[in-house]
Amino acid sequence: MSETKHKLPPGAMREVLENQPDVSLVRMTVVAGTKPPVHRHPYAQIDYLLKGSAEIKVGSETMCLKAGESLYIPADVEHGFLVSEVEQEFLEMFVPGREDL
């Protein structure tokens, strides 16, 4: 397990659980009130929310995710988690694996 080399916003922490050329798995924790920036990357992403709830923007759609639910984000699609009133913890899987972790 190691910390990411990719810069995260204050209030967000990513723990790398596995990082291989074909897939990466990380645990992300975001404290209440954090607003990660909307972004895009060349990796397909699956998020599984372990704790809390999250309002998520994927492309032009905004949805709410609760603990125990998952979400698929295609590669190169703009997305971001909006400010939350509660701490969030989720697993993120990236395909192919991220070389910036």
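A residue counts as buried under 20% relative accessible area, as exposed over 50%, and as partly exposed in between. The exercises below apply to a predicted model.

**Exercise 1.** Decide whether M93 is buried, partly exposed or exposed, and state which surface patch M93 belongs to.

*Solution.* Begin by locating the residue: M93 lies in strand β9, which covers residues 88-95. Next, take its relative accessibility, which is 34%, so M93 counts as partly exposed. Finally, turn to the surface, where M93 joins I46, Y72 and V95 in making a nonpolar patch of about 360 Å².

**Exercise 2.** Work out the strand order of the open sheet that contains β5, and explain which strands stand at its edges.

*Solution.* The sheet has 3 strands in the order β6-β5-β8, with antiparallel pairing. Because β6 (61-66) and β8 (79-81) each have a single partner strand, they stand at the edges, and one side of each is left without a neighbour in the sheet. From one strand to the next, the twist averages 20°.

**Exercise 3.** Trace the pairing of β5 with β6 and with β8, and then assign the two faces of β5.

*Solution.* Towards β6, strand β5 (residues 53-58) pairs over 6 bridges; S53 has K66 as its bridge partner, while E55 stands opposite C64. The hairpin of these strands has 2 residues between them, and G59 takes a positive phi near 60° there. Towards β8, 3 bridges join the strands, and K57 has G80 as its bridge partner. In a regular strand the side chains alternate between the two faces of the sheet. In β5, the covered face holds A54, I56 and V58, whereas S53, E55 and K57 form the uncovered one.

Methods. Residues are numbered from 1 along each chain as its sequence is written. This is a predicted model: local features need pLDDT of at least 70, side-chain atom pairs count only at pLDDT 80 or more; totals for chains, interfaces and linings use all residues. Side-chain values use heavy atoms; hydrogens and water are left out. Patches are made of residues with over 30% relative accessible area and no salt bridge: like charges are joined within 9 Å, nonpolar side chains (Val, Leu, Ile, Met, Phe, Trp, Tyr) within 5 Å. Accessible areas come from the Shrake-Rupley method with a 1.4 Å probe; for residues, only the protein chains shown count as cover. A salt bridge is a side-chain nitrogen of Lys or Arg within 4 Å of a carboxyl oxygen of Asp or Glu. Helices (H or I, at least four residues) and strands (E, at least two) are DSSP runs, numbered from the N terminus. Buried means under 20% relative accessible area, exposed over 50%, partly exposed in between (1.4 Å probe, protein chains only). Two strands pair if DSSP finds at least two bridges between them. Axes are lines fitted to C-alpha atoms, for helices over the stretch in contact, and angles run from 0 to 180 degrees between N-to-C directions.
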